[in-house]
Amino acid sequence: MDSQGDKKTEQSSNDVFRILVATDNHLGYLENDRIRGNDSFRSFEEIFRIAKASKVDFVLLGGDLFHDNKPSRATLVRASNILRKYCLGDDPVMFEILSDQTINFPDTACVNYEDPNYNIGLPVFSIHGNHDDPSGVGGYSAVDLLGCCNFVNYFGKATNINDIKLFPILMQKGTSKLALYGLGSIRDERLHRTFQSKKVQWVRPAEDKEDYFNLFVLHQNRLRRSQYYKNAISEAMLPGFLDMVVWGHEHECLIEPEESLGKNYFVSQPGSSIATSLSQGETRPKHVGILEIKGDQYRLTKVRLKTVRPFMMRDVILGEVEDLDDSGVLKYLEVIVEEMLENIRNDYGIETAFTKETMPLIRIRVDHTGFKKISPSKLGQNFVGKVANHDDIVSFHRKAQKKDSDGKSLAQIEIDNLLASRDDYKTPIHGRVTKHLKISEDMSVLTDKTIADYVQCFVEKMEKCAILDGFEKEVEAKKKALVMDRSINTKKDIDSIVADKLIIPEQDDQLLVENGDEKIMEIEDEPSLSISAPLSRQSQPSRQVRRSQRSERSQRNREVVVVEDESGSDYVPAGVLCDDSESISDAKEIEPSSRSSCSKPPSRSKPPSRSKPKNASGKKRKGTPVATTRRNKRQGSIKQYMSPGV
């Protein structure tokens with residue numbers, strides 16, 4: 001009877017997938033810390049000891065195997081040694097791959113235990129996380145390095161995040177079939193947009209798809225951590241044919257399967273194997289899971305990690321402590337730390353003094369409203385050798401401002417009262433724009449209504465470019481209307497239309513004088529736009545006429561006003577311009593001799609002119625040019641070549 005029972009047990013075990021599930025190992029975290037530098041590697045090695053002792057078929061990792069995108073050589077060596085120690089061996093692999101391995105593992109083209117050059121006893125399947133995601137030329141990550149060495153089977157890398165196709169790894173063990181889907185970490189906003197646009201395709205098995213247990217592992221934000229819901233992936237986005245989801249990236253250990261909202265699958269969140277932040281979610285005990293699958297049934301058994309460093313957190317409000325002043329805050333916090341250390345000894349069964357491996361992490365969040373802050377190092381120096389993070393035991397914060405019954409803070413109430421005291425506080429945007437601009441006549445491009453609409457979009461809808469975009473839109477519409485008008489042939493026709501709408505100042509053409517340079521604005525008589533059909537040659541002025549018109553305007557604009565200052569000398573003040581004949585006639589005529597004595601601002605002074613070189617006899621050289629100008633045809637520029645005699 002016993003032999004028959006053993007045979008039945010052996011047959012049933014041959015039909016059961018046994019998978020160890022773990023996520024967020026963060027190998028190399030604080031590797032240079034003399035106390036905590038070895039924590040990630042100790043927990044990672046314990047995970048594989050559990051896998052060996054539980055005789056699992058393979059290990060499934062849910063991303064963030066490494067803490068850094070470019071881990072150090074020491075981290076890579078230590079990780080490779082652990083994988084080589086526990087993954088290589090003669091243990092038989094009891095399941096087979098049914099899917100196309102060239103699609104599942106594009107770099108190696110086959111699963112590692114089927115490679116004839118390697119002897120794999122414990123396969124490892126892993127996706128990448130946000131810490132060790134692919135980057136750089138070729139899109140490689142540190143997990144690719146372990147994959148090409150056949151230590152892990154790297155899958156779930158999306159090559160085109162705008163069109164994602166998820167191909168499952170189809171496995172079979174006895175009568176049980178497993179479809180393993182994986183998706184490495186992608187920026188949450190981008191993946192959220194891809195899911196919403198229905199660009200994520202799930203490939204199902206062609207035959208007997210209902211016989212497979214569908215397991216999906218991903219590494220994304222599960223909960224909304226900010227006001228933008230696009231920063232997380234909703235469970236409702238995943239398809240309903242899934243049976244179970246292993247969710248990575250969240251460090252809080254919620255490994256017990258939870259039923260999804262609105263879907264039939266269950267979600268397991270194993271959490272991290274090391275505390276990388278001193279937050280409340282990291283205080284939960286760390287576990288890994290042994291997932292057993294037979295047919296369409298499963299069972300998850302959690303196993304607690306014993307090598308994880310103890311971590312305890314407490315909140316303290318100094319204002320609620322009786323008879324406490326600033327001088328007694330340090331002593332009060334020291335007493336709390338001692339109480340927390342004693343509780344850790346009782347919870348973890350530590351009877352001897354704390355060692356390098358057992359020194360706990362402690363975080364006290366202190367509300368010091370009404371008290372002065374103390375130096376964290378001053379408190380931590382009393383616990384060196386007792387607390388692993390003695391430099392940052394305490395974290396200070398103040399109580400939030402009081403709010404009224406409507407939920408507004410006192411500062412917000414004061415601002416509202418100040419705004420309400422203004423007369424135009426409740427005036428609509430259109431009324432405010434009309435009041436402040438004081439528009440008396442209709443404008444040619446923008447009206448008071450259009451301006452008010454754009455300002456309203458800028459204020460209420462927070463569109464930063466609403467006013468500028470609206471102005472450009474109106475200008476383009478006005479230009480197109482002028483161009484489409486067949487009665488307009490030249491610029492004079494446009495000027496006549498604009499003159500009816502705008503008030504042109506008396507001094508239009510100006511000569512701008514800056515630092516001795518004269519900037520003259522010239523406007524051609526040709527139409528500014530050519531959207532409509534070209535004008536006929538008879539309606540356009542000839543080239544000679546346009547050239548003479550430009551020269552006349554240039555000559556007229558170059559005449560400036562000469563003013564006599566208090567000293568009696570003549571100078572041309574910057575900004576004094578003339579554009580009509582009356583002002584030119586009133587200007588004082590300057591003789592050539594008097595022009596040299598004009599006092600000018602220093603910025604308008606000209607550099608002294610170079611005199612021509614003279615020979616030894618004191619006479620000017622003849623026939624030798626000072627400088628010659630030659631056009632470089634290859635470069636299309638003009639270069640100055642000084643003569644050797646200069």
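**Working through strand β7 and a helix pair**

Strand β3 (residues 96–97) pairs with β7 in the antiparallel sense over 2 bridges; two strands pair if DSSP finds at least two bridges between them. This is a predicted model, where local features need pLDDT of at least 70, side-chain atom pairs count only at pLDDT 80 or more, and totals for chains, interfaces and linings use all residues. Residues are numbered from 1 along each chain as its sequence is written, and side-chain values use heavy atoms, leaving out hydrogens and water.

**Exercise 1.** Trace the bridge partners of β7, then work out why it is largely enclosed.

*Solution.*
- Start with β3: Ile97 has Met171 in β7 as its bridge partner.
- Move on to strand β8 (residues 176–183), which pairs with β7 in the antiparallel sense over 5 bridges. Here Lys173 has Ser176 in β8 as its bridge partner.
- Check the hairpin of β7 and β8: there are 2 residues between the strands, and Gly174 takes a positive phi near 65°.
- Now burial (under 20% relative accessible area, 1.4 Å probe, protein chains only). In β7 (residues 169–173), 4 of the 5 residues are buried, so the rest of the structure largely encloses this strand.

**Exercise 2.** Find how helices α2 and α3 are oriented to each other, and sort the residues of their contact.

*Solution.*
- The axes of α2 (residues 39–54) and α3 (residues 73–87) come within 10 Å and cross at roughly 10°.
- Angles under 35 degrees count as roughly parallel, so α2 and α3 are roughly parallel to each other.
- Contact means heavy atoms within 4.5 Å. Among the residues making it are Phe41, Phe44 and Phe48 of α2, and Ile82 and Leu83 of α3.
- Sorted out, the contact has 8 nonpolar, 1 polar and 5 charged residues. Nonpolar covers Ala, Val, Leu, Ile, Met, Phe, Trp, Tyr, Cys and Pro; charged covers Asp, Glu, Lys and Arg; the others, Gly among them, are polar.

Methods. Buried means under 20% relative accessible area, exposed over 50%, partly exposed in between (1.4 Å probe, protein chains only). Axes are lines fitted to C-alpha atoms, for helices over the stretch in contact, and angles run from 0 to 180 degrees between N-to-C directions. Angles under 35 degrees count as roughly parallel, over 145 as roughly antiparallel, 65 to 115 as roughly perpendicular and the rest as oblique.
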